[in-house]
Amino acid sequence: MAKILYLIITYTNPEQVLRLVKAIKSGSPESQVVIHHDYTNSKYYLSASLFEQFQEVYVLKNYVPVQWGHISWVQAVLCGISWAIENYLKFDWLVLLSGQDYPIQPIQKTEKFLEDTQYDGFIEHFLAEAIQENPSQCGLQWNKNTGIVRFFYQYYHLKKSPRALKSISFHLDRLTQWQPFVRAAIVQDRLLWGVRALSSPFDNRFRCYVGSNWFTLSFSCIHYVYDYAHQYPDFIRYYQKTIIPEESFFHTILMNQNNFKILNNNQRYISWQVSHPNSPAILTSQHFKQLITSNKHFGRKFDVEKDRKILDLLDREILLS
């Protein structure tokens with residue numbers, strides 16, 4: 001059977017992270033789990049002692065404080081990848097998860113799928129310049145300018161923004177729409193001012209790709225990303241000044257390497273909110289049938305404080321399958 005490494009990026013409830021690890025290890029005792037917990041921006045402390053009952057579960061001592069829409073999320077993933085490679089963990093596949101993900105089919109079935117597949121990776125992707133009004137997985141309402149605005153401009157943080165600046169930013173954004181040189185944006189409470197990049201990594205031979213930031217990748221893909229990040233620090237520096245770089249960074253590296261066979265499917269079940277189309281809904285017991293019939297490997301996202309029963313239902317379904 002393929003050897004799988006599960007990399008969990010989390011700031012969430014330790015009880016839920018522990019439950020996720022139990023689900024993984026009960027189905028795959030030989031698997032490895034690396035946990036990157038953001039102790040700075042989490043209200044929860046995740047103790048490594050929670051996982052002493054398991055073999056090959058590692059909680060990273062060095063971690064990256066993560067801001068949404070910032071390069072720090074990419075750096076957290078690279079931190080986990082680097083730790084695994086530099087500590088000589090042997091694995092055939094890496095599955096990237098959040099602390100609010102959960103298996104929706106038996107882990108053995110997922111790992112058998114990865115053992116037998118002809119693909120090198122599973123990651124959603126499309127060209128940044130494409131119009132993607134109704135994407136099947138990522139939930140992004142993507143018009144012809146979205147990718148250009150996010151990834152072909154370099155943004156500078158002006159100041160920490162009080163609520164009043166959101167209205168100001170909205171009007172600034174409207175004023176900048178008529179010309180292609182500058183843009184204004186609010187990312188959480190940060191006011192950003194963007195300038196069209198005079199020089200970018202992208203051209204006709206190296207295209208900018210985007211998509212959902214969750215993936216399952218073979219060791220070859222992971223090692224290629226690791227090598228690329230070390231060989232091209234300017235690429236990381238460029239993405240440091242983009243908006244939501246996690247939705248493009250890994251996709252662009254991989255999709256411009258023609259030796260890999262990548263399926264445009266990240267094998268995650270996600271239900272997108274109607275009122276907030278860029279945010280995944282919390283999955284509840286009402287989603288149970290859709291989850292188990294989706295043929296996906298993992299669902300996201302769950303919250304035991306809102307609906308614990310759905311995880312109980314999934315546990316029973318997985319054990320009986």
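In the predicted model, Tyr6 stands opposite Val33 of strand β2. This pair belongs to the parallel pairing of strand β1 (residues 4-10) with β2, which extends over six bridges. Between the two strands the chain passes through helix α1 (residues 14-27), and the resulting β-α-β crossover is right-handed. On the way from α1 to β2 the chain forms a loop that contains Ser28.

Strand β2 (residues 32-37) also pairs with strand β3 (residues 57-59), again in parallel, through three bridges. Within this pairing, Ile35 has Val59 of β3 as its bridge partner. Six of the six residues of β2 are buried. In a regular strand, side chains alternate between the two faces of the sheet. In β2, one side carries Gln32, Val34 and His36, the other carries Val33, Ile35 and His37, and both faces are covered.

The loop residue Ser28 is buried as well: its relative accessible area is 6%, and the limit for a buried residue is 20%. Apart from its neighbours within four places in sequence, Ser28 is in contact with Ile107 and Glu111. Both of these residues appear among the buried positions of helix α3 (residues 107-116), which are Ile107, Thr110, Glu111 and Leu114. Viewed down the axis of α3, the buried residues fall within an arc of 95 degrees and therefore line one face of the helix. An α-helix has 3.6 residues a turn, so positions three or four places apart point the same way.

A further sheet is open and consists of three strands in the order β5-β15-β14, with mixed pairing. Its edges are formed by β5 (101-103) and β14 (268-269), each of which pairs on one side only. Strand β14 runs parallel to β15 (residues 298-300) and is joined to it by two bridges. In this pairing Arg268 has Phe298 of β15 as its bridge partner.

Nonpolar side chains in soluble globular proteins tend to be buried together. The largest nonpolar core of the model comprises 59 residues, and the most contacts inside it are made by Val77, Leu94, Leu96, Phe215, Tyr239, Phe249 and Phe250. Helix α2 (residues 71-86) supplies the largest share of this core, with nine residues. A second core, separate from the largest one, has 36 residues, among them Phe54, Val57, Tyr102 and Leu314. For Tyr239, the contacts beyond four places in sequence are with Ile71, Phe151, Phe202, Cys208, Pro245, Ser248, Phe249 and Thr252.

Cys208, one of the contacts of Tyr239, is buried, with a relative accessible area of 1%. Cys221 is likewise buried, at a relative accessible area of 0%. A disulfide is a covalent bond between the sulfur atoms of two cysteines. The structure contains zero disulfides.

Over the whole protein chain, the secondary structure comes to ten helices and 15 strands. The chain has 321 residues, of which 55% count as buried. Of the contacts in the chain with a separation of 6 or more, 76% are between residues 24 or more positions apart.

Terms used:
Residues are numbered from 1 along each chain as its sequence is written. This is a predicted model: local features need pLDDT of at least 70, side-chain atom pairs count only at pLDDT 80 or more; totals for chains, interfaces and linings use all residues. Side-chain values use heavy atoms; hydrogens and water are left out. A disulfide is a pair of cysteine sulfur atoms within 2.5 Å. Buried means under 20% relative accessible area, exposed over 50%, partly exposed in between (1.4 Å probe, protein chains only). A nonpolar core is a set of buried Ala, Val, Leu, Ile, Met, Phe, Trp, Tyr and Cys residues joined through side-chain atoms within 4.5 Å. Helices (H or I, at least four residues) and strands (E, at least two) are DSSP runs, numbered from the N terminus. Contact means heavy atoms within 4.5 Å. Two strands pair if DSSP finds at least two bridges between them. A crossover is right-handed if, with the strands pointing away from the viewer, the path from the first strand over the helix to the second runs clockwise. The arc is that of the directions from the helix axis to the C-beta atoms.
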